[in-house]
Amino acid sequence: MQMIFHVEDTEEYLHKGKDYKFPEPPDICPHPDCKSRVRLKKHGFYYRYYSDGSRYIKIAIRRYICPVCRKTVSFLPDFCLPHFQYSIDLIVRSVKETISRDTTISSFIAKLREFSPETV
């Protein structure tokens, strides 16, 4: 399960990585089959790729675990989309350019391949 949290300064998050001041976890398990009133415990990090069109980097994602049901919760920053490595801004920009006929989907994909050929 992923919970999205607001990040005031994206650059700070990208720079600090694991040292970023992540929000406190909820005092109730967010999993629908648990919902125990318990403090979630820190459960390390995992890494995912993030691209905003000018860089392609790994970012740290904080994980918590419920001590009752043992399921994990990942805290995803709001500048990322679940299951996508590209930023919201990049996706929106590409859709706008395609709809307005400023570019084609194939030319947009070609630009991404130039930037990070192993990902497209």
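Select residues 41-51 and 56-65 in this predicted model. These are strand 2 and strand 3, and they pair in the antiparallel sense over nine bridges. For one rung of that ladder, pick Tyr47 and its bridge partner in strand 3, Ala60. Then go to the end where the two strands connect: they form a hairpin, with four residues between them. Gly53 sits in this turn and has a positive phi of about 100 degrees.

**The whole sheet**

Next, add strand 1 (2-5) and strand 4 (residues 72-77) to the selection. With these in view there is an open sheet of four strands, in the order 1-4-3-2. The pairing in this sheet is mixed. Which strands pair on one side only? Strand 1 and strand 2 do, as the edge strands. From one strand to the next, the twist averages 30 degrees.

Stay with strand 1 and strand 4. They run parallel and are joined by four bridges. Select Ile4 and look across to strand 4, where Leu76 stands opposite.

**The nonpolar core**

Now show the side chains of Phe5, Tyr13, Ile59 and Phe79. These are the residues with the most contacts inside the largest nonpolar core, which has 19 residues. Helix 1, strand 3 and strand 4 each supply at least two residues of this core. In soluble globular proteins, nonpolar side chains tend to be buried together.

**Three salt bridges**

Charged side chains are the next stop. The structure holds three salt bridges, and each can be selected as a pair.

Begin in helix 1 (residues 10-16) with Lys16 and Glu12. Their side chains meet in a salt bridge at 3.2 Å, N to O. Because the two residues are four apart in helix 1, Lys16 and Glu12 are separated by about one helical turn. Lys16 is partly exposed, with a relative accessible area of 38%. Glu12 also counts as partly exposed, at 31% relative accessibility.

Move on to Arg39 and Glu24. Their closest N and O atoms are 2.5 Å apart, and the two residues form a salt bridge. Both Arg39 and Glu24 lie in the loop between helix 1 and strand 2, 15 residues apart. Is Glu24 exposed or buried? Glu24 counts as exposed, at 57% relative accessibility. Arg39 is partly exposed, with a relative accessible area of 44%.

The remaining pair to select is Asp33 and Lys71, a salt bridge whose closest N and O atoms are 2.6 Å apart. Asp33 lies in the loop between helix 1 and strand 2, while Lys71 lies in the loop between strand 3 and strand 4, so the pair ties together parts that are 38 residues apart in sequence. Asp33 is exposed, with a relative accessible area of 56%. Lys71, at 33% relative accessibility, counts as partly exposed.

**Confidence along the chain**

To finish, colour the chain by pLDDT. The mean for the chain is 83, and 84% of its residues reach 70 or more. Which element has the lowest mean pLDDT, and which the highest? Helix 3 (residues 105-115) has the lowest, at 68. Strand 4, already selected as part of the sheet, has the highest, at 93.

Note on methods
Residues are numbered from 1 along each chain as its sequence is written. This is a predicted model: local features need pLDDT of at least 70, side-chain atom pairs count only at pLDDT 80 or more; totals for chains, interfaces and linings use all residues. Side-chain values use heavy atoms; hydrogens and water are left out. Two strands pair if DSSP finds at least two bridges between them. pLDDT is the predictor's confidence in each residue, from 0 to 100. A salt bridge is a side-chain nitrogen of Lys or Arg within 4 Å of a carboxyl oxygen of Asp or Glu. Buried means under 20% relative accessible area, exposed over 50%, partly exposed in between (1.4 Å probe, protein chains only). Axes are lines fitted to C-alpha atoms, for helices over the stretch in contact, and angles run from 0 to 180 degrees between N-to-C directions. A nonpolar core is a set of buried Ala, Val, Leu, Ile, Met, Phe, Trp, Tyr and Cys residues joined through side-chain atoms within 4.5 Å.
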